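Student: I would like a close look at one part of this model, the place where the ligands are held. Please take me through the contacts one by one.

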Amino acid sequence: MLRDAERIVVLTGAGVSAESGVPTFRGDGGLWKSYRPEELATPEAFARDPGLVWEWYRWRRSLVARCAPNPGHHALARLALAQPGRTTIVTQNVDGLHHRAARAEARERDPKPAFPIEVHGAIHRDRCSGCSHVEDADLAAADPADSGIPRCARCGSPLRPDVVWFGEALDPAMIGAAFAAAEEADLCLVVGTSALVYPAASLPDVTRARGGRVVEVNLDSTPLTPYAWKSLKGPSGSILPRIVP
Ligand code: OAD
Ligand code: ZN
């Protein structure tokens with residue numbers, strides 16, 4: 001199917017990065033101190049205690065800085081680069097690992113066809129809470145013990161990570177492009193997501209409604225499993241390199 005599909009949309013979640021050492025949100029090891037992500041990744045949490053939220057994000061940044069893409073990211077990058085324009089990768093992850101795999105796999109080619117649509121933003125960027133100016137941040141410099149609140153060089157407002165928090169709207173252009181890809185696809189490959197967080201979780205439904213097939217790669221069953229044409233149970237870092245031609 002991966003060989004014959006005309007258009008492929010890939011939806012990834014935290015599970016695709018688990019073998020890189022990035023903790024998932026739900027399940028074992030998805031905790032930070034005694035907080036749940038739902039308590040920290042919100043505009044209310046940032047308004048109440050921006051230092052605490054920054055501490056959490058600096059911890060996550062320093063962690064991501066020490067991680068590398070795994071064979072699952074690399075296989076997806078190869079899939080997308082093999083025929084530019086055929087495969088669209090949509091990720092809920094903010095870790096930038098798809099980008100890094102794309103650059104590595106592209107070598108002298110253009111890596112862009114393997115760059116994902118990041119519907120939940122990117123942890124390696126800061127965004128001003130006042131003027132919305134966006135800037136790259138140095139992940140490796142993030143000190144998890146630092147609870148200071150960085151400020152915008154332009155307007156002095158507090159900076160925040162350029163990610164989507166619970167209760168916030170997604171960038172309409174991003175999610176629009178993701179839905180367009182799901183509509184055009186005859187195959188939706190869903191990798192390492194609990195398929196619980198909307199609207200991303202509805203992308204496979206869009207492909208299915210248009211007559212396309214859904215193939216899932218996950219360690220466990222999800223709400224999507226009963227609807228999947230095929231469910232491949234196991235770690236994406238070993239399954240994806242085996243199924244990507
Ligand atoms: P979750 O943590 O909810 O789910 C991770 C999924 O990956 C689970 O279904 C696991 O079974 C599966 N999994 C874990 N390790 C795996 C492996 N090695 N190979 C294959 N599958 C594996 O993460 P997401 O579904 O990505 O949103 O969560 C969705 C969103 O919820 C996140 O983007 C984030 C969070 O709140 C925002 O921050 C807006
Ligand atoms: Zn500003």
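Tutor: What follows describes the surroundings of ligand 1 and then the zinc site, in a model that is predicted.

Start with the space itself: ligand 1 occupies the largest pocket. Around ligand 1 there are 22 residues, and those that come nearest are Ala-14, Arg-26, Thr-193, Ser-194 and Asn-218. By character, this shell consists of eight nonpolar, 11 polar and three charged residues.

Three polar contacts can be picked out. The side chain of Glu-19 places an N or O atom 2.8 Å from a nitrogen atom of ligand 1. His-120 has a polar side-chain atom 2.8 Å from an oxygen atom of ligand 1. Ser-236 makes its contact through the backbone, where an N or O atom lies 2.9 Å from a nitrogen atom of ligand 1. As for cover, ligand 1 on its own has 790 Å² of accessible area, and the protein covers 92% of this.

Now the metal. The zinc ion (ligand 2) is coordinated at 2.3 Å by the SG atoms of Cys-128, Cys-131, Cys-152 and Cys-155. Along the chain, these donors follow the spacing C-x2-C-x20-C-x2-C. The arrangement about the zinc ion is tetrahedral because the four donor atoms subtend angles of 97 to 118°. For reference, the ideal angle for four tetrahedral donors at a metal is 109.5 degrees.

How values were computed. Residues numbered from 1 in each chain as written. Chains lettered and ligands numbered in written order. Predicted model: local features only at pLDDT ≥ 70, side-chain atom pairs only at ≥ 80, totals over all residues. Heavy atoms only, no water. Near = heavy atom within 4 Å. Polar contact = N/O pair within 3.5 Å; in protein donor to acceptor, adjacent residues only side chain to side chain. Areas by Shrake-Rupley, 256 points an atom, 1.4 Å probe, with all protein chains shown as cover. 1 Å grid on protein atoms, 1.4 Å probe; cavity = no way out; pocket = protein on both sides within 12 Å on 5 of 7 lines; lining within 4 Å. Sits in = over half its atoms within 2 Å of the grid points. Nonpolar A, V, L, I, M, F, W, Y, C, P; charged D, E, K, R; others polar. Donors = N, O, S within 2.8 Å, 3.2 Å for Na, K, Ca; no water. Tetrahedral: all angles 85-135°; square planar, octahedral: opposite > 155°, others 65-115°.
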